[in-house]
Amino acid sequence: MSTNTQNANTQNTTAEQPEVRKGLYGVVADYTSVSKVMPETNSLTYRGYAVQDLVENCSFEEVFYLLWNGELPTEAQLTEFNKAGRSYRKLDAGLISLIHSLPTDCHPMDVMRTSVSYMGTKDPEHFTPNREHITHVGHNLLAQLPMAMAMDIRRRKGEDIVAPDPEKGVAENLLAMVFGNGPDSPASNPEDVRDFEKSLILYAEHSFNASTFTSRVITSTRSDVYSAITGAIGALKGPLHGGANEFVMHTMLEVDDPAKAEEWVNKTLDNKDLIMGFGHRVYKNGDSRVPSMEQSFRALAERHDGAKWVAMYENLAAAMDKRTGIKPNLDFPAGPAYYLLGFPVDFFTPLFVIARVAGWTAHIVEQYENNSLIRPLSTYNGPEQRKVVPIAQRG
């Protein structure tokens, strides 16, 4: 997600030269019933429900259930779903040892990726083409990855692990494992918990984005779910995808003074550098998720003395609009929202991972159930076939 909206970069089609769409721009690779951006309403929908409506009316667990099953749960179904998922919240001694053995200066996404690979070694079922086992893996990931992330944050600060609580929802449990359960913890403030939960809902799914498509490519080879998720995490790490929310906050911290925002934007664009948090290949009239996330960001700012970051947000957005007409995407309000909650900046993308597990696993099920190996063609533009000259005759 960046100012580089990447218009269709195509080569002219001739009889000998097929059309090449760089970045697969505009290429329809498959069908999906998981999500869609509705052009007529400019709304991202999950299984037909507008995400802004889900944010206002549902928990993250309800949305997770929806993405997996196609319908919102009844109270009884949600209770059973939560019971099943929370049964996986058990600290694994091997995972604890592994995380503590990793460098404290590595990127947290490396820890998330390595944790999933480790989890895969513990699963006796190596190939996972059936829905039941993918559901097991999804519950395991949703239980274990927040623990892995929380452990990583706390061990870098020299703090002890906070055990998971099977009675708490995903959002509250994650906040508690990271920040503890004291009165100053966001886990103890229901409004903070709810605004954080809304961000997880907004990040949960987004059709054939780079990381989801990566997971589907790996799945199409009939590899296992852990391999697909590991690959998806690798794709999400990049600043042109999930890593953008980190770069948004690094930008705000670099600018520091809201009054300097316009000058910074103009200088950066004059240098032809990217500004993260703006523009999106899919949305033509602004990212439909932004208003909901911005509302939560502003609410968090009111509760956590964040007026400076609201001013920074407004001034950067205004400067970008004035100079380019390009609107913010979800990463732009999410970055400062996570900062106000107290998360270290380098852990913003791991939060994205935890939310997107819902969408990834839904797509993995869909790929398995109507699978075809994803293997595109390429157009060769190198030297024509030639003979190998013996080394003594070269030069």
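## Exercises on a predicted model

Ser-35 is found in strand β1 (residues 35-38); strands here are DSSP runs of E with at least two residues, helices are runs of H or I with at least four, and both are numbered from the N terminus. We're working on a predicted model, where local features need pLDDT of at least 70, side-chain atom pairs count only at pLDDT 80 or more, and totals for chains, interfaces and linings use all residues. Residues are numbered from 1 along each chain as its sequence is written, and side-chain values use heavy atoms, with hydrogens and water left out.

**Exercise 1.** Work out whether Ser-35 is buried or exposed, and find its polar partners.

*Step 1.* Check the accessibility: Ser-35 has a relative accessible area of 6%, so it is buried (buried is under 20%, exposed over 50%, partly exposed in between, with a 1.4 Å probe and protein chains only).

*Step 2.* Look for polar contacts (N or O pairs within 3.5 Å; within protein, one atom must be able to donate a hydrogen and the other to accept it, and residues adjacent in sequence count only if both atoms are side-chain atoms). The side chains of Ser-35 and Glu-205 make one at 2.6 Å. A polar atom of the Ser-35 side chain also sits 3.0 Å from the backbone nitrogen of Ser-207.

*Step 3.* List the contacts (heavy atoms within 4.5 Å). Setting aside neighbours within four places in sequence, Ser-35 touches Leu-44, Thr-45, Tyr-46, Arg-47, Glu-205, His-206 and Ser-207.

**Exercise 2.** Locate the residues that UniProt marks as "active site" and describe their surroundings.

*Step 1.* The UniProt record, an unreviewed entry, puts this feature at His-280 and Asp-331. Its positions are given in the numbering used here, feature names are shortened, and annotations may be inferred rather than shown by experiment.

*Step 2.* Now the distance: the two span 52 residues in sequence, but their C-alpha atoms are no more than 10.6 Å apart, so they gather at one spot.

*Step 3.* Place each one. His-280 is in the loop between α12 (261-270) and α13 (290-303), and at 15% relative accessibility it counts as buried. Asp-331 belongs to helix α15 (residues 331-341) and is buried too, at 0%.

*Step 4.* Finish with the side chain: Asp-331 has a polar contact of 2.6 Å with the side chain of Tyr-203.
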